[in-house]
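Biologist: Could you walk me through this one while I have it open on the screen?

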Amino acid sequence: MKTVAALLLVGMLVLWTELPAGTAWSCPPVRITCAMANPPNACYTDQHCPRLQKCCPSFCGRRCRSRPPAIPISYG
């Protein structure tokens with residue numbers, strides 16, 4: 001029984017160490033749409049963007065976006 005628990009723990013640790021660094025974030029919602037029928041895209045997938053940026057829909061075509069800043073906490 002202890003051997004099974006130890007193997008399970010080791011397996012979970014291996015999977016945990018192989019997770020990608022950082023946290024995933026999603027593209028912000030688009031509230032305004034472009035009047036163009038086929039707006040130009042600066043990117044098509046995340047691989048077309050510089051490192052740490054995502055290819056997100058914008059108001060007129062797709063653009064590379066950086067992670068939005070964290071909301072600052074006000075202490076009064």
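Modeller: One cut-off before we start, since it decides how the cysteines are labelled: a residue counts as buried when its relative accessible area is under 20%, as exposed when that area is over 50%, and as partly exposed in between. Please also keep in mind that this is a predicted model.

Biologist: Fine. Where does that put Cys49, buried or exposed?

Modeller: Cys49 has a relative accessible area of 11%, so this cysteine is buried.

Biologist: And which residue is the disulfide partner of Cys49?

Modeller: Cys49 forms a disulfide with Cys64, and the two sulfur atoms are 2.2 Å apart. The pair links distant parts of the chain, with Cys49 in the loop between H1 and E1 and Cys64 in strand E2, which covers residues 61-66, so that 15 residues separate them in sequence. Cys64, for its part, is partly exposed, at 27% relative accessibility.

Biologist: What about the handedness of Cys49 and Cys64?

Modeller: That disulfide is left-handed, because the torsion about the S-S bond is about -90°.

Biologist: Let me step back. What is the overall layout of the chain?

Modeller: Along the sequence the pattern is α-β-β, made up of one helix and two strands. The chain has 76 residues, of which 11% count as buried. About 7,000 Å² of the chain is exposed, and 66% of that area is supplied by carbon and sulfur atoms.

Biologist: How much of the contact map joins residues at least 24 apart?

Modeller: If you take the contacts between residues at least 6 apart in sequence, 35% of them join residues at least 24 apart.

Biologist: Back to the cysteines, then. How many disulfides are there, and what pattern do they follow?

Modeller: The count comes to four disulfides, and, with the bonded cysteines counted along the chain, their pattern is 1-6, 2-7, 3-5, 4-8.

Biologist: Which parts does the Cys27 and Cys56 pair tie together?

Modeller: The sulfur atoms of Cys27 and Cys56 are 2.1 Å apart, and the two form a disulfide. Cys27 lies in the loop between helix H1 (2-17) and strand E1 (53-58), whereas Cys56 is in strand E1, so the disulfide ties together parts that are 29 residues apart in sequence. As for accessibility, Cys56 counts as buried at 0%, while Cys27 is partly exposed with a relative accessible area of 25%.

Biologist: Left-handed or right-handed for Cys27 and Cys56?

Modeller: Left-handed, because the torsion about the S-S bond of Cys27 and Cys56 is about -75°.

Biologist: And for Cys43 and Cys55, left-handed or right-handed?

Modeller: The Cys43 and Cys55 disulfide is right-handed, since its S-S torsion is about 95°. This pair also links distant parts of the chain, from Cys43 in the loop between H1 and E1 to Cys55 in strand E1, 12 residues apart. The sulfur atoms of Cys43 and Cys55 are 2.1 Å apart, and both cysteines are buried.

Biologist: Changing topic: what is Ser58 in contact with, beyond its neighbours within four places in sequence?

Modeller: With those neighbours left aside, Ser58 is in contact with Val30 and Arg63. Ser58 is found in strand E1, and its relative accessible area is 18%, so this serine counts as buried.

Biologist: Which backbone oxygen lies 2.6 Å from the side chain of Ser58?

Modeller: That is the backbone oxygen of Gly61, which lies 2.6 Å from a polar atom of the Ser58 side chain.

Conventions:
Residues are numbered from 1 along each chain as its sequence is written. This is a predicted model: local features need pLDDT of at least 70, side-chain atom pairs count only at pLDDT 80 or more; totals for chains, interfaces and linings use all residues. Side-chain values use heavy atoms; hydrogens and water are left out. Helices (H or I, at least four residues) and strands (E, at least two) are DSSP runs, numbered from the N terminus. Buried means under 20% relative accessible area, exposed over 50%, partly exposed in between (1.4 Å probe, protein chains only). Contact means heavy atoms within 4.5 Å. Accessible areas come from the Shrake-Rupley method with a 1.4 Å probe; for residues, only the protein chains shown count as cover. A disulfide is a pair of cysteine sulfur atoms within 2.5 Å. A polar contact is a pair of N or O atoms within 3.5 Å; within protein, one must be able to donate a hydrogen and the other to accept it, and residues adjacent in sequence count only if both atoms are side-chain atoms.
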